[in-house]
Amino acid sequence: MKIFNTLSKKKEEFVPLEPGKVKMYVCGPTVYNFIHIGNARPMIVFDTVRRYFEYTGYDVNYVSNFTDVDDKIINKAIEEGVEASVISERYIAECKKDMEGMNVKPATTHPLATEEICGMISMIENLIEKGFAYRAADGTVYYRTKKFKDYGKLSHKNLEDLQAGHREIKVVGEKEDELDFVLWKPKKDGEPYWEAPWCNGRPGWHIECSVMSKHYLGDQIDIHAGGEDLIFPHHENEIAQSEAANGKEFAKYWMHNAFLNIDNRKMSKSLGNFFTVREISEKYDLQVLRFFMLSAHYRSPLNFSSDLMEASKNGLMRIVTAVERLNELLASASGESMTEEEKAVETQIKELAAKYEAAMDDDFNTADAISAVFELVKLANTAVTEASTRALVEYAKQTIETLCGVLGIITEKKEELLDGEIETLIEERQQARKNKDFARADEIRDTLADKGILLKDTREGVKWTRA
């Protein structure tokens, strides 16, 4: 199995630190609102990487954090007049709903930044003792970037070039160098804070992942992953912190997914092309979004558009329909042994499964893996018939389901609700809203969305349509 390593800028054979085990850390979202489809890409991509490792026999310890203390969270809390924890807890719950809809498996551990403060203080103390960090007069603690000789090795940025880009900027306060970054910041009025030797305050963003990775995976890990926007400065700073503190290489392999554009433009609220996963779920089953995300190689830029989502919906339906047909054949099929002619079909199925695995072994090329699945579906549609033995029908069905399962694609067709059942659920939702039981109202809305039922509130009442 080969992985493209951002650190070396080339594909490398994957060799785990410990045979048969993978220690993997993926940077998670800052929870101040619903996750957007840009957040969804790394979630889906690296969940698929994890699934393939497990398919090939590895025991995967998969850690993905929630950043639950941040300026955006604090600002939203002030805006609503609530504690910051109220905001973070709300959107962690909403994020998990969206992850479930996208069939993203829960991580082995989902650590919260606010629960790891002691570890952050300990690592900062370590860095100060070793001379890699210093305290300013106001209590701010900075990382001394030039002290770490390998700074820039992940982003392949030269320190001198970085410095040149800042030479017109005057260093503020007691910061020794413009490239130094914050490890700990003093509290401000109305903000959550923790006691520390330097001042009451809260951690900088970068220290969080270094500490959570160390806590749950150890000083060294196999894979660290995230979106390519995190390469610099976040992941670069993680390396500087972790390797200075622990005296060891932090991660052997660094994986980064490329950006997601909307109709060939960068996603931005100001451009009016910003979509949350929840908004997409109102129009499409989130399995369609997952299928779309995997239709391109994770290191290739991906363009989101209605046309491409419709194409993904149709592609996914081809697979689901093929499996549904095999289930129907299975109900009446007999014969526990394949005929000689069928064994030739079995060989073709095995060859396509091997083609799928070869694609995944080549830096998790899900686009080519999906192409192999489509070839398998075509073969099943033509070579597996009413006259086929139960053995062949089962083998074709199980192969498609297994390979789709590695991609996190559910092949089971969702049972459609009858019109009367829909109306009953809508009435129950309306009553829940009157009773201010918004959790139940949202649950019913999500259930209907999962079944492809779109709701629209009008003056005449609630209207519904099938997606």
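Exposed, for my purposes here, means over 50% relative accessible area. I'm working from a predicted model, and that cut-off settles the first residue I looked up: Asn-264 has a relative accessible area of 65%, so it counts as exposed.

**Backbone oddities**

I picked Asn-264 for its phi, which is positive at about 70° although the residue is not a glycine. I found it in the loop between β11 (260-262) and β12 (265-266). Lys-436 went on my list too, with a positive phi near 60° and again no glycine. Its place is the loop between α14 (419-434) and α15 (438-450), and Lys-436 is exposed at 66% relative accessible area. I note these because most residues other than glycine have a negative phi, and most peptide bonds are trans. On the second point, I checked omega from Phe-232 to Pro-233: the bond is cis, with omega near 5°. Pro-233 sits in helix α7.

**The sheet**

That helix took me to the strands. Helix α7 (residues 231-246) lies across β9 and β10, and runs at about 160° to β9. I traced an open sheet of 4 strands, in the order β4-β3-β9-β10, with parallel pairing. β4 (59-64) and β10 (251-257) are at the edges with a single partner strand each, so each has one side without a neighbour in the sheet. I get an average twist of 20° from one strand to the next. Inside the sheet, I looked at β3 (residues 21-26) and β9 (residues 221-227), which are joined by 3 bridges. Val-26 has Ala-225 in β9 as its bridge partner.

**Salt bridges**

My search of the whole structure turned up 30 salt bridges. I opened a few of them.

Asp-71 and Arg-202 meet at 2.4 Å, N to O. Asp-71 is in helix α2 (residues 71-80) and Arg-202 in strand β8 (residues 201-203), so this pair ties together parts 131 residues apart in sequence. I have Asp-71 as partly exposed at 39%, whereas Arg-202 is buried at 4%.

Next I took Arg-299 and Asp-363, whose closest N and O atoms are 2.8 Å apart. Arg-299 is in the loop between α9 (286-293) and β13 (302-304), and Asp-363 is in the loop between α11 (340-361) and α12 (366-383), 64 residues apart. Arg-299 is partly exposed at 33%, but Asp-363 is buried at 0%.

Last, I followed shared partners: Glu-94, Lys-97, Asp-98, Arg-278, Asp-442, Arg-445 and Asp-446 are joined into one network of salt bridges.

Technical notes:
Residues numbered from 1 in each chain as written. Predicted model: local features only at pLDDT ≥ 70, side-chain atom pairs only at ≥ 80, totals over all residues. Heavy atoms only, no water. Pairing = 2+ DSSP bridges. Helix = DSSP H or I, 4+ residues; strand = E, 2+ residues; numbered from the N terminus. Axes fitted to C-alpha atoms, helices over the stretch in contact; angles between N-to-C directions. Contact = heavy atoms within 4.5 Å. Buried < 20%, exposed > 50% of the residue type's maximum accessible area, 1.4 Å probe, protein only. Salt bridge = Lys/Arg side-chain N within 4 Å of Asp/Glu carboxyl O.
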